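Please look over the structure below before reading the comments. They are kept short and can be checked one by one.

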Amino acid sequence: MRKIVEITDDSGAVVAPDWFAKAEGVHRQLRTALPSAYAEKMKRVFSGGGRMCVAVEGADVAGVAVYRVYENTFQGRQLYVDDLVTNERQRSSGVGRALLSYLEQKARAANLENLALDSGTQRQQAHKFYFREGMVVTAFHFGKRLK
């Protein structure tokens, strides 16, 4: 049976340390450049407003979502998804849909105006998934690497 577990509380404190430790391997499937000091990196992300939840199946983490709530001038108050990843062994089994649905419900309950995420241009399979889930392209994201 699948359930969603919040790893952080509203202040960004890790409240489910065992699940947090299990999430690292799945998270690294998407973010391969995360530093070896994963816990320290994520605690900085959490102190900057990031939050984490995981999809759990039995004793395993099936998926990870890192998200934040903030307001900007373009989209108003929104829930922004930094990372959404399903364990590669469980792709196309509904894990991503469950996480995205959970985040949408969370955003609606908080009366937010938007649910948003960025997806790398090379991730065509992910784009197909987002389109199936009712998401649309609303902007191009530009960046310039400084380091």
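The points below deal with pockets, ring contacts, one helix and two backbone angles.

1. Status of the model. This is a predicted model. The values below should be read accordingly.

2. Largest pocket, extent and centre. The largest pocket has a volume of about 1400 Å³. Its lining counts 42 residues, and those closest to the centre are Y80, A116, L117, D118 and S119.

3. Largest pocket, contributors. At least two lining residues come from each of α2 (38-47), β3 (60-72), β4 (76-86), α3 (95-109), β5 (114-117) and α4 (124-132). The biggest contribution is that of α3, with 6 residues. Sorted by class, the lining of the largest pocket holds 20 nonpolar, 12 polar and 10 charged residues.

4. Second largest pocket. This pocket encloses about 430 Å³ of space. There are 18 lining residues, and T86, R91, S92, F129 and R132 are the ones nearest the centre. Each of β4, α3 and α4 provides at least two residues of this lining, and α4 has the largest share, with 6 residues. The class count for the second largest pocket is 6 nonpolar, 6 polar and 6 charged.

5. Aromatic pairs. A general remark comes before the details: two numbers describe a pair of aromatic rings, the distance of the centres and the angle of the planes. Searching the whole structure gives 5 aromatic pairs. In one of these, the ring centres of F20 and Y38 are 5.6 Å apart and the planes are at 25°, so the pair is stacked; the cut-off for stacking is under 30 degrees. F20 belongs to helix α1 (residues 17-30) and Y38 to helix α2, so this contact ties together parts 18 residues apart in sequence. F20 and Y38 are both buried. Ring pairs also join F20, Y38 and F46 into a cluster.

6. A charge over a ring. K22 is placed over the face of W19, at 4.8 Å from the ring centre.

7. The two sides of α4. Which residues of α4 are buried? They are A126, F129 and Y130. Around the axis they cover an arc of only 95°, so they lie on the same side of α4. On the face turned away from that buried side, α4 carries the exposed residues Q125, F131 and R132. Two residues of α4 return from point 4: buried F129 and exposed R132 are both among the residues nearest the centre of the second largest pocket.

8. Positive phi at S92. As background, most residues other than glycine have a negative phi. S92 is not a glycine, yet its phi is positive, about 65°. This residue is found in the loop between β4 and α3. S92 has a relative accessible area of 85%, and is therefore exposed. S92 is also one of the residues nearest the centre of the second largest pocket.

9. Positive phi at N111. N111 also has a positive phi without being a glycine, here about 60°. Its place is in the loop between α3 and β5. Is N111 buried or exposed? With a relative accessible area of 61%, N111 is exposed.

10. Where α3 recurs. Helix α3 gives the most to the lining of the largest pocket and supplies at least two residues to that of the second largest. The loop holding S92 lies between β4 and α3, and the loop holding N111 lies between α3 and β5.

Definitions and conventions
Residues numbered from 1 in each chain as written. Predicted model: local features only at pLDDT ≥ 70, side-chain atom pairs only at ≥ 80, totals over all residues. Heavy atoms only, no water. 1 Å grid on protein atoms, 1.4 Å probe; cavity = no way out; pocket = protein on both sides within 12 Å on 5 of 7 lines; lining within 4 Å. Points joined across faces, edges and corners; volume = space filled by probe spheres on them. Helix = DSSP H or I, 4+ residues; strand = E, 2+ residues; numbered from the N terminus. Nonpolar A, V, L, I, M, F, W, Y, C, P; charged D, E, K, R; others polar. Phe/Tyr/Trp six-rings, centres within 6.5 Å; stacked < 30°, edge-to-face > 60°. Buried < 20%, exposed > 50% of the residue type's maximum accessible area, 1.4 Å probe, protein only. Lys NZ or Arg CZ within 6 Å of the ring centre and 35° of its normal. Arc of directions from axis to C-beta.
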